[in-house]
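Grab a coffee and work through these exercises with the model open beside you. Try each task before reading its solution.

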Amino acid sequence: MSEKAARCLGSMFQRISIAINAEKDRLSELDGAIGDADHGITMSLGFMAVNAELTKLDAAQALPSEIFAVAASAFLDAVGASTGPLYATAFRRASQALKADESLSPASQAMIVDEMRAGIQQRGKGQRGDKTMLDAWIPAAEAAIEARARSLEVAGMWSAILDAAETGADSTSSMVAARGRAARLGQRSLGHIDPGAASAVIILRAMKDTFVNDGAAAHP
Ligand SMILES: [Mg+2]
């Protein structure tokens, strides 16, 4: 089971990296409108570094908690500023929570989303409405928790998570930035989707595709 779980997470990080890389230019354009136009590049470099480190792990031995721990340090090493510490803390919190439940069960998948949300919030000290990645992560985590309370199956849960994240990310275009570099723009940040919220949707979509398609293999 652990070997399959490790393979599932390995494939998840690969999917994230491929998806971020495919939308790298769009992400940097979004960042160019309100920031320094590097978001696509930095996210792409971060996930490439994660995958490079993960290939050194023995999938037969690795636990899901260990995979997230490796992802945390690799991402932080590759992306020192801004999003680096945020996703590093997100992955580290997911790693810590997985130590109590390495199964990648639907409940554990929901926990990963909520712990990532908690890590980003803990590190960035932001809230909903600040026009950041949390405008995607907070509704996604709420949808995950609600889906578990309603005992939705994996596909239904991940559809709810992704819908909530997409709606949240879209809503950032009508927000004035309160945090990060974009906050200096004030009202001029209106009308643009936050790049961090846009990349959060890409990450969550890749997670959904992994757990909905490969999840059965991870969880016989
Ligand atoms: Mg930037």
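**Exercise 1.** Which spacing do the donors of the magnesium ion follow along the chain?

*Solution.* Keep in mind as you go that this is a predicted model.
Step 1: find the donors. The magnesium ion is coordinated by D31, D36 and D38, each through OD, at 2.0 to 2.3 Å.
Step 2: put them in chain order, and the spacing reads D-x4-D-x1-D.

**Exercise 2.** Sort D31 and D38 by burial: buried, partly exposed or exposed?

*Solution.* Step 1: recall the cut-offs. Under 20% relative accessible area is buried, over 50% is exposed, and anything in between is partly exposed.
Step 2: take D31. Its relative accessible area is 8%, so D31 is buried.
Step 3: take D38. This one has a relative accessible area of 28%, so D38 is partly exposed.

**Exercise 3.** Work out how many helices and strands the protein chain has, and say whether its radius of gyration agrees or disagrees with that of a compact globule.

*Solution.* Step 1: count the elements. You should get ten helices and zero strands, which gives the pattern α-α-α-α-α-α-α-α-α-α along the sequence.
Step 2: get the expected value. For 220 residues, a compact globule would have a radius of gyration near 17 Å.
Step 3: compare. The protein chain comes in at 16 Å, which agrees.
Step 4: look at the outline too. Along the principal axes, the C-alpha atoms fill a box of roughly 50 × 40 × 30 Å.
Step 5: check the interior and the contacts. Buried residues account for 50% of the 220. Of the contacts between residues at least 6 apart in sequence, 71% join residues at least 24 apart.

**Exercise 4.** Describe the surroundings of T89: which helix is T89 in, is T89 buried or exposed, and what does T89 contact beyond its sequence neighbours?

*Solution.* Step 1: locate T89. You'll find T89 in helix α5, which covers residues 83–98.
Step 2: check burial. The relative accessibility of T89 is 11%, and the cut-off for buried is under 20%, so T89 counts as buried.
Step 3: list the partners. Skip neighbours within four places in sequence, and T89 is in contact with G119, Q122 and R123.
Step 4: try a distance. G186 sits 97 residues from T89 along the chain, and their C-alpha atoms are separated by 28 Å.

**Exercise 5.** How far apart are the mean positions of the positive and negative charges of the protein chain?

*Solution.* Step 1: tally the charges: 22 positive and 26 negative.
Step 2: compare their mean positions, which are 4 Å apart.
Step 3: finish with the surface. The accessible surface is about 9400 Å², and carbon and sulfur atoms hold 51% of that.

Notes
Residues numbered from 1 in each chain as written. Predicted model: local features only at pLDDT ≥ 70, side-chain atom pairs only at ≥ 80, totals over all residues. Heavy atoms only, no water. Donors = N, O, S within 2.8 Å, 3.2 Å for Na, K, Ca; no water. Buried < 20%, exposed > 50% of the residue type's maximum accessible area, 1.4 Å probe, protein only. Helix = DSSP H or I, 4+ residues; strand = E, 2+ residues; numbered from the N terminus. Rg over C-alpha atoms; globule rule 2.2 N^0.38 Å. Contact = heavy atoms within 4.5 Å. Areas by Shrake-Rupley, 256 points an atom, 1.4 Å probe, with all protein chains shown as cover. Lys, Arg positive; Asp, Glu negative; His and termini not counted. Charge placed at Lys NZ, Arg CZ, Asp CG, Glu CD.
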